[in-house]
Amino acid sequence: MLDKPMTMTRRGLFAAGAGLVIAFHLAPLGKAQAAARTVEGIPAGAPGSFAANAFVHIAPDDTVTVLSKHIEMGQGPYTGLTTIVAEELDADWSQMRAEASPADDEIYKNLAFGIQGTGGSTAIANSYEQLRKAGATARAMLVEAAARQWNVPASEITVVKGRVRHAPSNRESGFGALAKAASGITPPAEPKLKDPADFTLIGSDIKRLDSAAKSDGTAVFTIDVTLPGMLTALVVHADYFGATVARFDDKAARAVKGVVDIKPVPAGVAVYAETMWAALKARDVLEIEWDLSKAETRSSAEIIADYEAKAKSAGFVVTSAGDVAKASDEAEQVIEADYVFPYLAHAPMEPLDAVFVKAADGSIDIYSGAQFPTSDKAVTAKILGLKPEQVRVNVQFAGGSFGRRAQAGSPYAIEAAEVFKASGGDRPLKHLWLREDDIRGGYYRPIYVHRLRGTIGADKSITSWQQVVVGQSIITGTPFEAMMGDGYDPTSVEGASDLAYAVPHRQVSLHTTKVDVPVLWWRSVGHTHTGFTTEAFMDELLAAAGKDAVEGRLALLGEQPRHAGVLKRVAEIADWGGPVPAGRARGVAVHKSFDTYVAQIAEISQGENGLPRVHKVWCAVDCGVPVNPTIIRGQMEGGIGFGLGAMLFSEITLGEGGRIVQSNFHDYRSLRIDEMPEVEVAIMDSREKPTGVGEPGVPPIGPAVANAWRVLTGKPVRRLPMLPPVDSRSLS
């Protein structure tokens with residue numbers, strides 16, 4: 001609760017749209033506070049909670065709470081953003097807390113998107129200056145408050161580890177005792193920021209704020225939220241994209257003890273029950289006949305065959321330099337390769353879920369791991385016939401996403417709101433997808449086919465590069481379509497259209513296809529396939545030219561010092577060129593994504609299953625100022641495991657008639673813990689502005705392993721996953 005209402009003045013907003021509050025944290029033990037103990041975040045507007053239009057709250061007990069506009073789904077923004085504030089505030093780390101901010105585009109928008117949302121590895125990148133100012137402004141207000149109370153010059157006051165001190169008069173105070181007075185101070189228009197050379201927290205290995213609760217099980221996710229009288233709702237979806245309900249028989253389902261109701265909804269048929277068990281049992285015996293007249297009926301094999309035919313000709317030319325035709329005529333060697341990438345599911349550990357609660361005044365509280373909370377809020381209000389301000393989204397911890405929760409247009413929120421509306425809304429309701437729903441539910445990373453053609457001149461230089469990309473657009477028809485400023489989806493070719501290597505003659509073109517399968521960005525978006533093709537094909541060209549994989553790359557990266565920097569560093573820590581154990585081989589890849597530069601070297605052997613066994617991965621990362629090295633290393637390790645699992649095992653297949661084949665982790669395989677390689681990460685020292693690390697660890701691992709595999713076996717990897725297609729293997 002604020003000591004007085006906030007207004008949208010300079011006190012509440014910085015130039016970039018940020019806000020700051022110095023406030024008392026009253027902590028009444030009312031109903032809302034009890035709710036706050038069972039769910040993460042503070043229900044906006046609840047008695048005893050803070051007014052929610054700011055980033056920094058200071059409580060009488062000296063605790064400092066940073067309201068994070070970015071969801072915590074494992075990537076570390078709660079800790080990173082709090083570190084930035086604590087640094088400029090000169091706080092002690094032990095007094096820092098983090099909570100989710102309310103859903104509010106005006107104050108908590110992502111400065112890269114223009115709406116509130118987490119994605120594209122932007123959490124730290126778009127908040128760095130904003131939260132430095134937030135922390136510095138809070139510090140300046142506390143210092144000024146102390147100066148007035150003590151009647152001393154502000155210039156003589158210091159702040160060290162959360163203590164405000166005036167040495168000449170030997171006076172000292174914590175933040176909490178000054179908070180009320182500070183709230184009456186006019187904030188400085190341009191707070192003085194620290195010289196990075198004076199950082200004490202940024203750049204340090206600070207423990208994550210959320211680790212302890214997630215380790216001992218006390219952290220609360222949406223799936224954990226339980227309220228008196230709450231219904232559980234499951235929706236039966238079709239196994240075909242575009243299918244609709246023709247008819248259904250719910251007699252047997254309604255006979256299951258605990259079932260409350262069964263109703264058709266746009267996504268399928270919803271089962272409402274007193275318990276999860278009853279909902280599951282009823283769902284199993286619900287008889288539904290699906291109308292497939294408008295469904296996508298092509299199989300993955302048919303779609304890929306169509307793509308391969310398209311790849312034989314150039315598509316819409318995205319980028320072009322030099323004369324590739326002339327270079328081809330003059331080449332001494334021509335190398336061609338086709339690459340095929342499957343549909344991929346995100347498969348976060350916590351599938352999609354949300355809890356809806358109607359208040360006495362008819363307004364709605366939603367508890368969910370909302371990656372785009374304001375979008376979810378808007379669609380819910382529309383479906384329920386409410387004003388946006390009558391819907392409150394209380395953002396929870398999310399058990400992973402990898403892009404799954406970053407849904408343009410909020411289709412999951414739409415389904416959940418429609419299910420809640422169909423229930424009548426009189427009882428709290430938890431709507432959730434099962435693992436099977438999520439694996440079969442679509443919004444996949446699209447299928448892509450690439451055709452590459454490279455030439456080598458008489459002097460063994462790489463003279464030309466032609467790349468044709470075929471695939472669905474992720475953003476066409478979504479609220480993000482404005483990104484298609486040049487008439488094509490840039491996420492389809494990012495990482496290829498901006499090829500870092502100085503090849504004199506280049507062309508990258510794109511065929512955008514129409515397939516009735518919903519698609520979505522998947523961790524590292526376009527770089528998931530362009531990073532593989534560019535680095536695997538470059539490796540082949542360098543090998544054909546008789547050049548070392550590292551030295552050959554460096555020779556082509558003369559104008560890309562940060563690419564070259566991480567490549568040199570990873571070669572150094574891996575002792576590239578040194579002895580390699582018998583039966584093993586090494587491969588290298590370097591790729592920039594989301595303005596972060598990552599190079600990796602993988603050491604592999606051939607495993608008993610005929611697939612690569614990855615023993616160790618060396619990784620060098622340049623993400624600008626390293627805010628928290630511990631989190632950076634963790635994200636690189638996680639990205640390597642995530643990308644390696646996809647490269648080796650993961651594939652969603654549309655079988656005959658377009659039916660989705662996979663359904664759970666038994667046939668949609670990810671990396672297992674005993675398959676995780678040892679990882680060594682080197683973080684580049686930098687004064688560049690910080691960039692993201694949630695996704696950039698993924699793209700290089702696939703080509704690094706593929707390049708090692710080609711060295712080990714002589715066989716290039718041109719179709720993923722390396723596990724044989726699901727149709728040709730047993731699922732037992």
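Colleague: Which residue follows α16, and is its phi positive or negative?

Modeller: Good place to start! Keep in mind that this is a predicted model. Aspartate 575 comes right after α16, and its phi is positive, near 55°.

Colleague: How many residues does helix α16 have, and how far does the helix reach from its first C-alpha to its last?

Modeller: Helix α16 covers residues 561-574, which is 14 residues. From first C-alpha to last the helix reaches 20 Å, close to the 20 Å expected at 1.5 Å a residue.

Colleague: Which residues of α16 are buried?

Modeller: A residue counts as buried when its relative accessible area is under 20%. In α16 the buried residues include His563, Gly565, Leu567, Val570 and Ile573. The cover over the buried residues of α16 includes the helix α15 (549-556). Strands β21 (585-593), β22 (596-606), β23 (612-622) and β24 (678-683) are also part of that cover.

Colleague: Now to sheets. How do the strands of a sheet pair?

Modeller: Strands in a sheet pair through backbone hydrogen bonds, and the pairing is either parallel or antiparallel. Here, one open sheet has 3 strands in the order β1-β2-β3, with mixed pairing. Because β1 (56-58) and β3 (96-100) each have a single partner strand, they stand at the edges, and one side of each is left without a neighbour in the sheet. On average, neighbouring strands of this sheet are turned by 25° against each other, direction ignored.

Colleague: How many bridges join β2 to β3, and do these strands run parallel or antiparallel?

Modeller: Strand β2 (residues 64-68) is joined to β3 by 5 bridges, and the two run parallel. To find your way along the strands, look for leucine 67, which stands opposite glutamate 99 in β3.

Colleague: Which strands does helix α2 lie across?

Modeller: Helix α2 (residues 77-89) lies across β1, β2 and β3, and runs at about 135° to β3.

Colleague: What is the order of the strands in the antiparallel sheet?

Modeller: That open sheet of 3 strands has the order β4-β5-β6, with antiparallel pairing. The edges are β4 (157-160) and β6 (171-174); each has a single partner strand, so one side of each lacks a neighbour in the sheet. Neighbouring strands here are turned by 20° against each other on average, direction ignored. Strand β5 (residues 163-166) pairs with β6 over 4 bridges, and valine 164 stands opposite serine 173 in β6. Helix α4 lies across β4, β5 and β6, at about 135° to β4.

Colleague: Loops next. Where is serine 127, between which helices?

Modeller: Serine 127 sits in the loop between α3 (105-108) and α4 (128-150). With 1% relative accessibility, serine 127 counts as buried. Leaving aside neighbours within four places in sequence, its contacts are Lys69, His70, Leu81, Thr122 and Arg132.

Colleague: And which residues is leucine 386 in contact with?

Modeller: Leucine 386 lies in the loop between α11 (373-384) and β16 (391-395). Neighbours within four places in sequence aside, leucine 386 is in contact with Gly362, Ile364, Ala381 and Val391.

Colleague: Last one: how many disulfides does the count come to?

Modeller: Two cysteine sulfur atoms must be within 2.5 Å to count as a disulfide, and here the count comes to 0. Cysteine 619 is in no disulfide, as the nearest cysteine sulfur, that of cysteine 623, is 10 Å away. Both residues are buried: cysteine 619 has 0% relative accessibility, and cysteine 623 has a relative accessible area of 2%.

Methods. Residues are numbered from 1 along each chain as its sequence is written. This is a predicted model: local features need pLDDT of at least 70, side-chain atom pairs count only at pLDDT 80 or more; totals for chains, interfaces and linings use all residues. Side-chain values use heavy atoms; hydrogens and water are left out. Two strands pair if DSSP finds at least two bridges between them. Axes are lines fitted to C-alpha atoms, for helices over the stretch in contact, and angles run from 0 to 180 degrees between N-to-C directions. Contact means heavy atoms within 4.5 Å. Buried means under 20% relative accessible area, exposed over 50%, partly exposed in between (1.4 Å probe, protein chains only). The expected span of a helix is 1.5 Å times one less than its number of residues.
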